[in-house]
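Student: I am new to this structure. Can you take me through it, one question at a time?

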Amino acid sequence: MTDPHAALKAHCQSRLDREAAEHPSGHQNVHARRYLLPRKGRSPIEAAIIVKPDSKLQIWCEADGVDLSRVSGLQPEKRLGSETYSTVGASGNVLYGRHSALKTFDRLHRGDALRFVPETIGEVDRILDMLANRGAP
């Protein structure tokens with residue numbers, strides 16, 4: 001069986017591999033890749049892509065300083081930092097509440113976050129350009 005989302009994930013990963021630095025915590029082997037994406041006029045933004053086989057591409061990033069007016073129509077899910085570690089599981093343990101690959105980030109771990117689930121290469125490009133605070137290539 002082939003992954004119907006493979007081309008979209010490969011495009012996003014290829015762009016980030018060219019344009020961003022690998023986060024100091026490194027990439028996960030299969031499910032996620034962690035980056036520091038340079039931003040024009042600002043410090044780098046922490047970003048992760050979830051590339052788990054047979055799942056949709058997810059782009060997670062810090063919410064701070066992101067100009068959502070540049071990606072109208074994509075409607076990212078905003079995840080407040082206060083939600084992390086706020087839910088108790090059935091066995092009484094505290095649950096993280098986000099993808100576990102985000103735990104190794106300095107700011108994205110507990111800070112306000114955005115989660116995009118793009119459907120097209122054009123949407124991926126718009127999101128990455130907006131995160132880098134620059135116009136389209």
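Student: In what order do the six strands of the open sheet stand?
Tutor: Strands here are DSSP runs of E with at least two residues, numbered from the N terminus, and helices are runs of H or I with at least four. Two strands pair if DSSP finds at least two bridges between them. The pairing in this sheet is antiparallel. The order is 1-2-3-4-8-5.

Student: What kind of model is this?
Tutor: Residues are numbered from 1 along each chain as its sequence is written, and side-chain values use heavy atoms, with hydrogens and water left out. Local features need pLDDT of at least 70, side-chain atom pairs count only at pLDDT 80 or more, and totals for chains, interfaces and linings use all residues, since the model is predicted.

Student: Which strands stand at the edges?
Tutor: Look for strands with a single partner. One side of each is left without a neighbour in the sheet, because each has just that single partner strand. The edge strands are strand 1 (21-22) and strand 5.

Student: Which residue in strand 8 does K78 stand opposite?
Tutor: Strand 5 and strand 8 run antiparallel and are joined by three bridges. There, K78 faces L114.

Student: How many of the residues of strand 4 are buried?
Tutor: Buried means under 20% relative accessible area, exposed means over 50%, and partly exposed lies in between (1.4 Å probe, protein chains only). Strand 4 is mostly covered. Its buried count is five of five.

Student: Which residue in strand 8 stands opposite W60?
Tutor: Strand 4 has partners in both strand 3 and strand 8. Four antiparallel bridges join strand 3 to strand 4, with A47 opposite C61. Strand 4 and strand 8 also pair antiparallel over four bridges, with I59 opposite F116. W60 stands opposite R115.

Student: What angle does the direction of helix 1 make with that of strand 2?
Tutor: Helix 1 packs on the sheet and touches strand 2, strand 3 and strand 4; contact means heavy atoms within 4.5 Å. Axes are lines fitted to C-alpha atoms, for helices over the stretch in contact, and angles run from 0 to 180 degrees between N-to-C directions. The angle is about 50 degrees.

Student: How far does helix 1 reach from its first C-alpha to its last?
Tutor: Helix 1 covers residues 6-19, 14 residues. The expected span is 1.5 Å times one less than the number of residues. That gives an expected 20 Å, and the helix comes close to this with a reach of 20 Å.

Student: Within what arc do the buried residues of helix 1 fall?
Tutor: The buried residues are L8, K9, C12, R15 and L16. They line one face of the helix, because their directions, seen down the axis, share a limited arc. The directions run from the helix axis to the C-beta atoms. The arc is 135 degrees.

Student: Which exposed residues sit on the face of helix 1 turned away from its buried side?
Tutor: The buried residues pack against strand 2 (32-39), strand 3 (42-50), strand 4 (58-62) and helix 2 (121-131). The face turned away carries A7 and R18.

Student: Is R15 buried or exposed?
Tutor: R15 lies in helix 1. Beyond its neighbours within four places in sequence, R15 contacts D125, L128, D129 and R134. Its relative accessibility is 3%, so R15 counts as buried.

Student: Are the rings of Y85 and Y96 stacked or tilted?
Tutor: Rings of Phe, Tyr and Trp (its six-membered ring) pair if their centres lie within 6.5 Å; planes under 30 degrees apart are stacked, over 60 edge-to-face, and the rest tilted. The count comes to one aromatic pair. The centres of Y85 and Y96 are 5.2 Å apart and the planes stand at 50 degrees, so the pair is tilted.

Student: What is the phi of Q75 near?
Tutor: Q75 sits in the loop between strand 4 and strand 5. With a relative accessible area of 70%, Q75 is exposed. Its phi is positive, in a residue other than glycine, and near 45 degrees.
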